[in-house]
Amino acid sequence: GGVRDKTVLIAAGAGAVGHYAIQFARAQGASRILSTVSSSAKALLARAAGADELIDYRSENVSERILTLTSGRGVDRVIEVDFAANAALDTAITAQDGDIVVYGSNRPEVPMSFVPSIMKNLQYRFFIVYNLNAADRARGLKALGELLDANALQHNVAERYPLAQIAEAHERVESGQAMGNVVIDIV
């Protein structure tokens, strides 16, 4: 259904995926972009990417803040990085007929609240780029290529590692401490 003229919540807006998701939502015409962050430094990154409102999930009640920001309506779309941690929150803050798009979870099994979901007619979409069908992949690559050709994306490279230190780079990503992409130089 896209995001044009929709209010979107992007979880972890300063993370490698969230930072791009904010920019993609802005480029695709989202009317309002909210994002969760865990620090003021991360809030600056998400704001620079195009987020309109930032919610520090460590110091704020995320559900209350989102419902306040949306006058109780909730968001039309959620882009979720950790469904295991946020399934109940996502259900609570998504508007009637909204979509929750999941691209990550810290647990393989996630219990869901059936009645609140069906009462709002929510749609859950599980997304991994490797499983896109050919038409969706082509459409996505075309849109991405256009943004890259127009130099319309910010690339947040947190750290660079030589190929010989790939294990250390992977550990850095897993630590959650890198603010942005960790890049491997293979030259």
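## Arg-73 and Asp-76

Arg-73 has a relative accessible area of 49% and is partly exposed, because the exposed class begins only over 50%. This value, like the others in this report, comes from a predicted model. The partner of Arg-73 is Asp-76: the two form a salt bridge whose closest N and O atoms are 2.7 Å apart. Asp-76 counts as buried, at 9% relative accessibility.

## Helix α3

Helix α3 covers residues 62–69, and its buried residues are Val-62, Ser-63, Ile-66 and Leu-69. Viewed down the axis of α3, these buried residues fall within an arc of 135°, so they line one face of the helix. An α-helix has 3.6 residues a turn, so residues three or four places apart point the same way. On the other side of α3, Glu-64 and Thr-68 are exposed.

Several elements take part in covering the buried residues of α3. They include the strands β1 (7–10), β2 (32–37), β3 (53–56) and β4 (75–80), together with α4 (83–93).

## The ends of α3

At the N-terminal end, α3 is capped by Asn-61, which has a side-chain oxygen 3.2 Å from the backbone nitrogen of Ser-63. Just after the helix, Ser-71 adopts a positive phi of about 50°.

## A salt bridge between β2 and β3

There are eleven salt bridges in the structure. One of them joins the side chains of Arg-32 and Glu-53, with an N to O distance of 3.5 Å. Arg-32 belongs to strand β2 and Glu-53 to strand β3, so this pair ties together parts that are 21 residues apart in sequence.

Both residues are classed as partly exposed: Arg-32 has 23% relative accessibility, and Glu-53 has 21%. These values miss the buried class because buried means under 20%. Arg-32 and Glu-53 are also members of a network of salt bridges that links them with Glu-60 and Arg-65.

## A salt bridge between β7 and β8

Another salt bridge is formed by Arg-160 and Asp-185, with the closest N and O atoms 2.7 Å apart. The pair links distant parts of the chain, 25 residues apart: Arg-160 is in strand β7 (residues 157–162) and Asp-185 in strand β8 (residues 181–185).

Arg-160 counts as exposed, at 52% relative accessibility. Asp-185 is partly exposed, with a relative accessible area of 30%.

Technical notes: Residues are numbered from 1 along each chain as its sequence is written. This is a predicted model: local features need pLDDT of at least 70, side-chain atom pairs count only at pLDDT 80 or more; totals for chains, interfaces and linings use all residues. Side-chain values use heavy atoms; hydrogens and water are left out. Buried means under 20% relative accessible area, exposed over 50%, partly exposed in between (1.4 Å probe, protein chains only). Helices (H or I, at least four residues) and strands (E, at least two) are DSSP runs, numbered from the N terminus. The arc is that of the directions from the helix axis to the C-beta atoms. Contact means heavy atoms within 4.5 Å. A polar contact is a pair of N or O atoms within 3.5 Å; within protein, one must be able to donate a hydrogen and the other to accept it, and residues adjacent in sequence count only if both atoms are side-chain atoms. A salt bridge is a side-chain nitrogen of Lys or Arg within 4 Å of a carboxyl oxygen of Asp or Glu.
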